[in-house]
Amino acid sequence: MGMAIGAIIAGLVLLVWSADRFVEGAAATARHLGMPALLIGMVIIGFGTSAPELAVSAMAAADGNPGLALGNGYGSNITNIALIVGLTALIAPITVHSQVLRKELPLLVVLTLIAGVQLLDGELSRLDGWILLGVFALVMGWSIFQGMRGKDDALSGETDAELGPDLMTMKAAIVWLIIGLILLVASSRLLVWGAVTIAQSLGVSDLVIGLTIVAIGTSLPELASALAAIRKNEHDLILGNILGSGIFNTLAVVGLAAAIQPLSVAPEALYRDWTVMLALTVGLLIMGFGATGWRKIISRLDGALLVLVYVGYTGYLLSTVVAASAG
């Protein structure tokens, strides 16, 4: 058990660090290749912060741990919306101006509903996985189209500020891109081994471990990005990262895992975890439409409500761990 805990801690630290290097390298490479700032913010940075979830879920699926793969994808979405957006809003109400984000919120609701339909038969087949990956390709194409058109979007300016004037050289960007990718794979392997070992020792499902320890750990890049954006008053970038990550987790993370190895889905993954994920996504949409002119999308009161939901949900999951250990 001690080695497994050490593996999780070391894996998470290395995972977060390597993901940061990977995203920095990818963003700088894209900038050198002339990619628009808005597109870098939406695709490279927004989706790139989900690289840990993708690596961990792919490893878990390849190792025959479907619950861990699914729990990581869905748990990260729940953590991102309830905990990260909630904490961010408590610190400073999130004011958003980007036209792109107003389209991504309803899109994420639709994608979450599609994911729920696939869970109804109790499994995610390889066909389901390829469907999710196909939809992801379409969304990426749409994002690229929007990014090429939205040069004056608010998110574009914030991404420019985030990248800064001191851009690393093309050679350095490629080196960090490769190093980050290699370490992502290695740290994911270490994290999955530790998580599965602990789940087996405690007698709980790897789904619960994926929804809690692993989901929180792989969401650390989003948390770090959000806290940094608060200090710089880059509100559009905060929600852009969260929504981009949510789309990536729902489609690419779960889709790739199912394409590698069909996933058997426990009933609670649908009626408990997917339901909470959908409720939080719809809640975020309602908060947006409830704000005058979409200006202040998340207030401190909204943030407190999101954090309370997260605490209640996580508390319930931990109670199942205690019950399983006592049994």
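This note walks through the main features of a predicted model of one protein chain.

1. **Overall make-up.** The protein chain has 327 residues, and 57% of them are buried. Its secondary structure consists of 13 helices and four strands. Take the contacts between residues at least 6 apart in sequence: 89% of them join residues at least 24 apart. The accessible surface is about 13,000 Å². Carbon and sulfur atoms hold 71% of that surface.

2. **The largest nonpolar core.** This core has 80 residues. Which of them touch the most other members? They are Tyr74, Leu124 and Leu284. Helix α11, residues 235-260, supplies the largest share of the core, with 12 residues.

3. **Leu284 in detail.** Look past the neighbours within four places in sequence. Leu284 is then in contact with Ile81, Val85, Leu105, Leu239, Leu243 and Ile298. Leu284 is also one of the three residues that touch the most other core members.

4. **Gly129 and its surroundings.** Gly129 sits in helix α6, which covers residues 126-149. Is this glycine buried or exposed? Its relative accessible area is 0%, so Gly129 is buried. Beyond four places in sequence, Gly129 is in contact with Gly255, Ala258 and Ala259. Ile260 is a further point of reference: 131 residues separate Gly129 from Ile260 in sequence, yet their C-alpha atoms are 8.3 Å apart.

5. **Helix α8, end to end.** Helix α8 runs over residues 170-202. How does its span compare with expectation? At 1.5 Å a residue, its 33 residues should span 48 Å. The end C-alpha atoms are 47 Å apart, which agrees. Gly203 follows α8 and has a positive phi, near 75°.

6. **A nonpolar patch on the surface.** Not every nonpolar side chain is put away. Leu14, Trp17, Val175, Trp176 and Ile179 form a surface patch. Together they have about 390 Å² of accessible area. Two elements, α1 (2-32) and α8 (170-202), each give two or more residues to the patch. Helix α8 gives the most, with three residues. A helix has 3.6 residues a turn, so residues three or four places apart point the same way.

7. **Trp176 within that patch.** Trp176 belongs to helix α8. Its relative accessibility is 32%, so Trp176 counts as partly exposed. The cut-offs behind that label are 20% and 50%.

8. **Salt bridges: the count.** How many salt bridges does the model hold? The count is two. Side chains of opposite charge can pair when their charged atoms come close.

9. **Arg189 with Asp63.** In this salt bridge the N to O distance is 2.7 Å. Arg189 lies in helix α8, and Asp63 lies in the loop between α3 (51-62) and α4 (66-91), so the pair ties together parts that are 126 residues apart in sequence. Arg189 has a relative accessible area of 40% and is partly exposed. Asp63 is partly exposed too, at 36% relative accessibility.

10. **Arg272 with Asp273.** Here the closest N and O atoms are 2.6 Å apart. Both Arg272 and Asp273 are buried. In the Arg189 pair, by contrast, Arg189 is partly exposed, and so is Asp63.

11. **Where to look again.** Helix α8 is a useful place to return to. It carries Trp176 of the patch and Arg189 of a salt bridge. For the interior, start from Tyr74, Leu124 and Leu284, then turn to the buried Gly129.

Key. Residues numbered from 1 in each chain as written. Predicted model: local features only at pLDDT ≥ 70, side-chain atom pairs only at ≥ 80, totals over all residues. Heavy atoms only, no water. Core = buried A, V, L, I, M, F, W, Y, C linked by side-chain atoms within 4.5 Å. Buried < 20%, exposed > 50% of the residue type's maximum accessible area, 1.4 Å probe, protein only. Contact = heavy atoms within 4.5 Å. Patch = residues over 30% accessible without salt bridge, like charges linked within 9 Å, V, L, I, M, F, W, Y side chains within 5 Å. Areas by Shrake-Rupley, 256 points an atom, 1.4 Å probe, with all protein chains shown as cover. Salt bridge = Lys/Arg side-chain N within 4 Å of Asp/Glu carboxyl O. Expected span 1.5 Å × (residues − 1).
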